[in-house]
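Got your viewer open? Let's go for a walk through this structure, one selection at a time.

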Amino acid sequence: MEEVNQKIDIASYFVNVLEGDDNMSPGIAAIKTLLMVLETTKFDTVQELDSTIQAAVSAMRKTDKPITSVVSGTELFSRFITLAKFDDKTMDEVREIMLRRGKMFLAKLLESRNVIGRQALAFINDGCRILTHARSRTVRQALVMAAKQKKQFHVFITHSFPDNHGTQMAEELERAGIECTLILDSAIGYIMEMVDMVMVGAEGVVESGGIINRLGTVTMAICAKELKKPFYTLVESFKFCRLYPLNQRDLSNEYKYNEKNLNDTTKVHPMVDYTPPGFITLLFTDLGILAPSAVSDELIKLYL
């Protein structure tokens, strides 16, 4: 198969996997795609396997889907499947080992939201009021788990212009019996004094412990800091990425804009913004509840 055709096939497969399951993050879809590559492609050398995986990642990065968790998830996946020793193995045996390790890695990631939800339960009390931004599947999981324990609380959700994902989030929480109020993005400052905490998801966690998340998150974090409200981030560890932005401009455009808009970003708004670690109280992860300053140590462990 020619490289160009392979890229088109991989990109289409990735998009179809992601769009076929509304609960799936781009990072998980990317890992499922790499498992497909391992299963369906014949390799003669480990170097050929590595170059094919890198080409597949490159193809997924060129779609119009958010790439932050794609980059971090596929880097960790590649690292994990190559930890075994292959010196005395045939290429067929190498591929089987990598497939087995890859499926183990995926199974662990799929359990991450439940682990995070259980950690957050102790922070969600009867009568509390929570502000969240747009639609985070991980935050939703934690709130639904709390509701199943008969906890009574109220959630304020931003509409999140322009895709209005907050509307979908509100519908999903209401179906779980959770009281919700949709608010304008511009009402964050007005609502902040009424809530007890902020809970958001993240598309990525950078080395400093700051987060990359949907546009408007940093505004919410600054407001929470000013009004002394705890700002919690619920995020899976496969979204930990080896980036160290210092400000909004320091975050590469490929993370902030769709592929089709990269040639001219002057007339489009970014999809995400960067929230520095100083505005984040705690991160709830499948590795435990972390202070932002602990993220760099966890990244070192992940890539050892």
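Start by selecting helix α7, and color β1, β2 (154–158), β4 and β7 (231–234) as well: α7 lies across these strands. Look along β7 and you'll find α7 running at about 105 degrees to β7. Keep in mind as you go that this is a predicted model.

Now zoom in on β7 and show its side chains. Which residues of β7 sit on each side, and are they buried or exposed? On one side you have Phe 231 and Thr 233, on the other Tyr 232 and Leu 234, and all of them are buried. Both faces of β7 are covered, then.

Next, bring in the strands beside β7. A quick bit of background: strands of a sheet pair through backbone hydrogen bonds, either parallel or antiparallel. Add β4 to your selection: β4 and β7 run parallel, joined by 3 bridges. Click on Val 198 and look for its bridge partner in β7, which is Phe 231. Then add strand β9 (residues 282–285), which pairs with β7 in the parallel sense, again over 3 bridges. Here, Thr 233 has Leu 283 of β9 as its bridge partner.

Go back to β4 (residues 197–200) and add strand β1 (residues 129–132): these two run parallel and are joined by 2 bridges. Pick Leu 131 and you'll see that it stands opposite Val 198 in β4.

Time to zoom out and show the whole sheet. How many strands does it have, and in what order? It's an open sheet of 7 strands, ordered β3-β2-β1-β4-β7-β9-β10, and the pairing is mixed. Select β3 (179–183) and β10 (288–290) to find the edges: each has a single partner strand, so one side of each is left without a neighbour in the sheet. Turn the sheet a little and look at its twist, which averages 25 degrees from one strand to the next.

For the last stop, return to α7 (residues 137–148) and add helix α6 (residues 112–120). Two packed helices are described by the angle between their axes and the distance between the axes. For α6 and α7, the angle is about 55 degrees and the axes are 8 Å apart. That makes α6 oblique to α7, and their crossing is right-handed. To see the contact, show Arg 113, Asn 114, Ile 116, Gly 117, Arg 118 and Ala 120 of α6, together with Arg 137, Thr 138, Gln 141, Ala 142 and Met 145 of α7. Color them by type and you'll get 4 nonpolar, 4 polar and 3 charged residues.

Terms used: Residues are numbered from 1 along each chain as its sequence is written. This is a predicted model: local features need pLDDT of at least 70, side-chain atom pairs count only at pLDDT 80 or more; totals for chains, interfaces and linings use all residues. Side-chain values use heavy atoms; hydrogens and water are left out. Axes are lines fitted to C-alpha atoms, for helices over the stretch in contact, and angles run from 0 to 180 degrees between N-to-C directions. Helices (H or I, at least four residues) and strands (E, at least two) are DSSP runs, numbered from the N terminus. Angles under 35 degrees count as roughly parallel, over 145 as roughly antiparallel, 65 to 115 as roughly perpendicular and the rest as oblique. A crossing is left-handed if the near helix is turned anticlockwise from the far one by less than a right angle, and right-handed if clockwise. Contact means heavy atoms within 4.5 Å. Ala, Val, Leu, Ile, Met, Phe, Trp, Tyr, Cys and Pro count as nonpolar, Asp, Glu, Lys and Arg as charged, and the others, Gly among them, as polar. Two strands pair if DSSP finds at least two bridges between them. Buried means under 20% relative accessible area, exposed over 50%, partly exposed in between (1.4 Å probe, protein chains only).
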